[in-house]
Amino acid sequence: MSGGVVSLTARSAYAQTVSSIIVQGNQRVESDTIRSYFRPGPNGQLDAFQIDEGVKALISTGLFQDVRPLIQGGRLTITVVENPVINRIAFEGNKKVKDDQLKSEIQSKERGTLSRPVVQADTARIVELYRRSGRFDVSVDPKIIELPSNRVDLVFEITEGVKTGIKSIEFIGNRAYSSYRLKEEIKTSETRPIFAFLQTGDIYDPDRIEADRELLRRFYLKHGYIDVRIVSAVGEYDPDRRGFVIAFTIEEGEQYRVGTVDVQSTIRSLDPSLLRVKLRAYPGDVYNAEAVEKTVEDMTIEASRQGFAFATVRPSATRDAQTQTVNLLFTVSEGQRVYIERINIRGNTRTRDYVIRREFDVAEGDAYNRALINRAERRLKNLSYFKTVKITTEPGSAPDRVIVNVDLEEQSTGEFSVSGGYSTADGFLAEVSVAEKNLLGRGLFGKISVQYGQYTKGATVSYVDPYFLGYRVAWGVDGFYKQQLPTSYVSYETDTVGGSTRLGFTLREDLALQLRYSIYQQKIVLSPNLMNCNNINPDFVNTFPTPDKIGTTPALTAPDGNPFANCYADGEASLAVKSAVANGPILTSLVGYTLTHSTLDNNKNPTSGLLAEFRQDFAGVGGDVKFVRTTADLYTYREVLPDIVGLMHLQGGQVVGWGGNGIRMLDEFQMGPNLVRGFSPAGIGPRDLTQFPFTGVLGDALGGSYYWGASLEFRTPLYFLPKDAGIKVAAFADAGSLWNYQGPTTFPATGEVISGSLCPTFGLGIPNAVPCPVDNAMHIRSSVGLGIIWESPFGPLRFDYSFPLSKEPYDRVQQFRFGGGTTF
C-alpha cells in the first residue's frame, strides 16, 4: 500500500502468533531497527492494531515512502520502500531572496531523506517568505530529479513576480487632520514606483497595520480628541491594481481642552501640594493623554521619594460637552502592600547583570512600584543594547510578594563605519570609525575615528562610563588632533591637539548639566608668500578708503621704485595672523559647563517643545591665554498649521579677557552661515582691510567678541512624495551681527614679522589720517532663503539657497550651501 496502509491476508480482531519478522527492501536502515517497531508480546502474539501502530510509527520517521506488512504462516514480512536521499537542494528564479536565506527557511536538508509532505510544507514556507517581503504574486514549483542509488536533487523553481505593494491608504471620517498628516503618524506607506528604493514601509503587513491603528489612536488622544475611536483598519487586495488598499475608519469626536486640574490625597500625611509641581497638564491646554500618563508616573515616583512607596495615582476625567473641556482629578491613595521578592534577568548572554540592574530604581526587597518598573523598561530600551525588552511579573512565595522577570534579546552593539560627505565649506570629507556601545558587556562606550578630507584631517579617541563610580553620572574622556588647511575663506592652517574630560548629570528628565575640562595646543601655519611684506609704506596710508567706500574704490598702483609696490601681488595675511604665527604654539587650558533644558517631543524630528543650552568656558587654569566665553542657544518648535512646523532659533555670545590679558584673534567668534545663511564661513564681522588699496582683495576675518542671531524657519513635507522619502522644504529668514574685535591692532617686531599696525596711519604723524580700516560697529546682516532637507539613505543632506538682504561691502557672500554625508 502507498502511504503506510496496512495490508494483511487475514485482518482479524484476535492476535496471531508471530514466530519471526522478516524485513525486505531496506538499504540504509538496519533490519533490527525496523523490527523494533513490531515487538510481539510475551506469548509471541501480535494483533492487527499493534501492526498498524508500528507501520504508522515507521512512516512518521520520514525515512520511508511506503511500508507494507504481511502475515503468512506465522511469519510477519515487512516490505519497505525507503525515501530517497536528497543529494542537492537548488533554487531557480530567485533574485530578490538569496539561496542561503531560503535554505535556512525550509526543513528539507541536503544529505537528509526526502519527504513529500515536508517538501509541500517547504513550498508554503517559501511562498510566505516572499509574501512577507511584499511579493504576493510569487509561485513556487518543487521538482524532484531522480538520481542513481536512490538519490534525488530537489529543485524549487520560483517565479517571484512583481512587488505587491500598498497602492493606497485611505482615511474615512477624518476632519481635523488631513490624510497626508495622518500618513505621517503611521509606519505603513504607499508604494511609489519612482521612489521605491527609498521606501521601507510599503509592504502589506497585518501586524504593522494593527500597530498603526494604535499609533493613530494615541495621536488623536495627544491632541485633545478624548473620544476618538479607530473603528477599523482593513487591508484588501485589489487584483486590478495588483496591490493592497488600506482603509482606516475613524470617529474623531470633538477636541477638548483642559478645564480644572486638581490633586487629592487620601493619605493623611501626604500633602498633595508636594505633588502639584509634577503636573504636566494645565488649564487651557489642549488635552494630552501622554501628559496625563507622564503626570501619573512623576507623581507616583515623587510619592515614593516622600516615603509612600505603595502610593498609587489614579487620574479621572470629567467631560463637559458644552464647553468642550475636561476636568482632571489626580487621586493619590494607599495601594496594596507588595514587595519585590526577586528580579530575574533572562536572555543576556553578553551584558553583565549589574548593567541591567542599575537601570532600576528599585531592588529586591523594596516595595513594588509599577511606575518605577515602567521607567526601568524605558531606560533599558533606550540603551540600544537589546533588540527586545519585556518586563513581566508573577506571584511570589507569599501573597505580598511578587517576582519581576526581565526578558531580553541582545543585539549587536559594535559599529564599524566608513562615512563620506561634502560641504561647500569643508569640501570632501571621509571618516573611518570603530565604536562599541557596550564595551566588554559592561555598558561602556568607546570610539576611535580618523577623518581625512580636502581641507580637514584629524583623529579622535573617546571613552564614556555612564555610571561613574556606581553613580548615575556619566564620565568621559577624549583625545583629539585636527588639522584645518587653508581654504578660500581662511588663509592659514590651524593645527590643534589636545584632550578633555567631562562629567554629565541628569538633574531632571528635562534638565541636564555637563562639567568639563579641556586642554589643547593650537598652532598657526602660514605659507611664506603670505607673510613677505614689511610695514606699509607711509606714502600710501592716506589712500586707505573708509569702510563705507570698500567695493567702490579701485585698487591702487604703487609708484615706480617703491620696494613695497608688488609685495601684495601674491597675497598677504593679516598682521594678526602673522603675529599668531610668530608667537608659536599657544596652550589653552579651560574649565566649563553646559546647562541643557529640553522638552522636545522627538529629538530626531521635533514638532513641538523647546531646547535651551547655556554654555560658559573659563580659560586661564594654566595655559597661555585668559578669557571667559559665554554662549546661549534657544530652539523652539511648534506646529503652526497642519503639516507645517515652525522653528525659531535665538543665539548669542560674548568673550572677554581677564587678568589684564587681551584676546587672541583665534579666540574671537568667527561667524558665517552658522549665524546668517547666505554668507561664507567667517564671512561677516570685523575684517582686516589693510591690503585692499593695493590689491582690491579683502583680508582675513578678525572675528568679534559679541554676536547675536535670530532665525525663523518653516518646514513642511512635499505632498507628492512618499513620507519614506524623508524630504522636506524649508523657508527661512535670518538676522544677526558679529562685532567688537578686541584683539590687538598694533604688533611689535617678533622674529620674522615686521612691526606694523592694522591702522597704519595711527602713530605715523600723518595729518588728516583716515579712520582705522577695521570696522568694529554692530552692523545687522540679514537674509531670506529656501532649503531642501533630506533624510536620505545616504545620510542627512541639506541644500540652502539664500538672498542676503543687508550686508556690509566687505562681507563675503555665499548664496548656495550644501552639506551631507553617509555611513556604509
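A residue is called buried here when its relative accessible area is under 20%, exposed when that area is over 50%, and partly exposed in between, using a 1.4 Å probe and protein chains only. By that yardstick Asp400, at 29% relative accessibility, is partly exposed. The model is a predicted one, so to speak of local features takes a pLDDT of at least 70 and side-chain atom pairs count only at pLDDT 80 or more, while totals for chains, interfaces and linings use all residues. Residues are numbered from 1 along each chain as its sequence is written, and side-chain values use heavy atoms, with hydrogens and water left out.

Asp400 is a good place to start on the charged pairs. Its partner in a salt bridge (a side-chain nitrogen of Lys or Arg within 4 Å of a carboxyl oxygen of Asp or Glu) is Arg401, with 3.0 Å between the closest N and O atoms. Arg401 is partly exposed too, at 31% relative accessibility. The structure holds 44 salt bridges. Another of them joins Arg346 to Asp407, whose closest N and O atoms are 2.8 Å apart. Arg346 belongs to strand E15 (residues 339-346) and Asp407 to strand E17 (residues 401-410), so this pair ties together parts that are 61 residues apart in sequence. Helices (H or I, at least four residues) and strands (E, at least two) are DSSP runs, numbered from the N terminus. Both ends of the bridge are partly exposed, Arg346 with a relative accessible area of 37% and Asp407 with one of 27%.

The two strands carrying that bridge also sit side by side in a sheet. Strands count as paired if DSSP finds at least two bridges between them, and E15 and E17 have seven, in the parallel sense. Within this pairing, Tyr339 has Arg401 of E17 as its bridge partner. The sheet is open, has three strands in the order E15-E17-E16, and shows mixed pairing. Its edge strands, E15 and strand E16 (386-395), each pair on one side only.

Elsewhere, a salt bridge links Glu713 with Arg715, and the closest N and O atoms are 2.6 Å apart. Glu713 is buried, at 3% relative accessibility, whereas Arg715 is partly exposed at 24%. These two residues belong to a network of salt bridges that also takes in Arg677, Asp734, Arg798 and Asp800.

Next comes a stretch that begins with a helix and runs on into paired strands. Helix H11 (residues 575-582) is mostly covered, with six of its eight residues buried. Those six are Leu575, Ala576, Val577, Lys578, Ser579 and Ala580. After H11 comes Gly584, which has a positive phi, near 75 degrees. Strand E25 (residues 586-598) is joined to E26 by nine bridges, and the two run antiparallel; here Tyr593 stands opposite Gln616 in E26. E26 is in turn joined to E27 by 11 bridges, again antiparallel. Two of the partnerships across E26 and E27 are Gly609 with Tyr637 and Leu611 with Tyr635. E27 then pairs with strand E28 (residues 644-657) over 14 bridges in the antiparallel sense, and Val628 has Val656 of E28 as its bridge partner. E27 and E28 form a hairpin with two residues between them, and Asp643 in the turn has a positive phi of about 75 degrees.

Some of these strands turn up again around a pocket. A pocket is found on a 1 Å grid over the protein atoms alone, as an open set of points with protein on both sides within 12 Å along at least five of seven lines; lining residues have an atom within 4 Å of a point. The second largest pocket holds about 1,500 Å³ of space, a volume being the space filled by probe spheres set on the points, which are joined across faces, edges and corners. Its lining has 40 residues, and Lys482, Gln522, Leu666, Glu668 and Gln670 lie nearest the centre. The elements giving two or more residues to this lining are strand E22 (473-484), strand E23 (493-508), strand E24 (511-525), strand E26 (609-619) and strand E27 (627-641). By type, the lining divides into 15 nonpolar, 12 polar and 13 charged residues. In this count Ala, Val, Leu, Ile, Met, Phe, Trp, Tyr, Cys and Pro are nonpolar, Asp, Glu, Lys and Arg are charged, and the others, Gly among them, are polar.

Methods. 1 Å grid on protein atoms, 1.4 Å probe; cavity = no way out; pocket = protein on both sides within 12 Å on 5 of 7 lines; lining within 4 Å.
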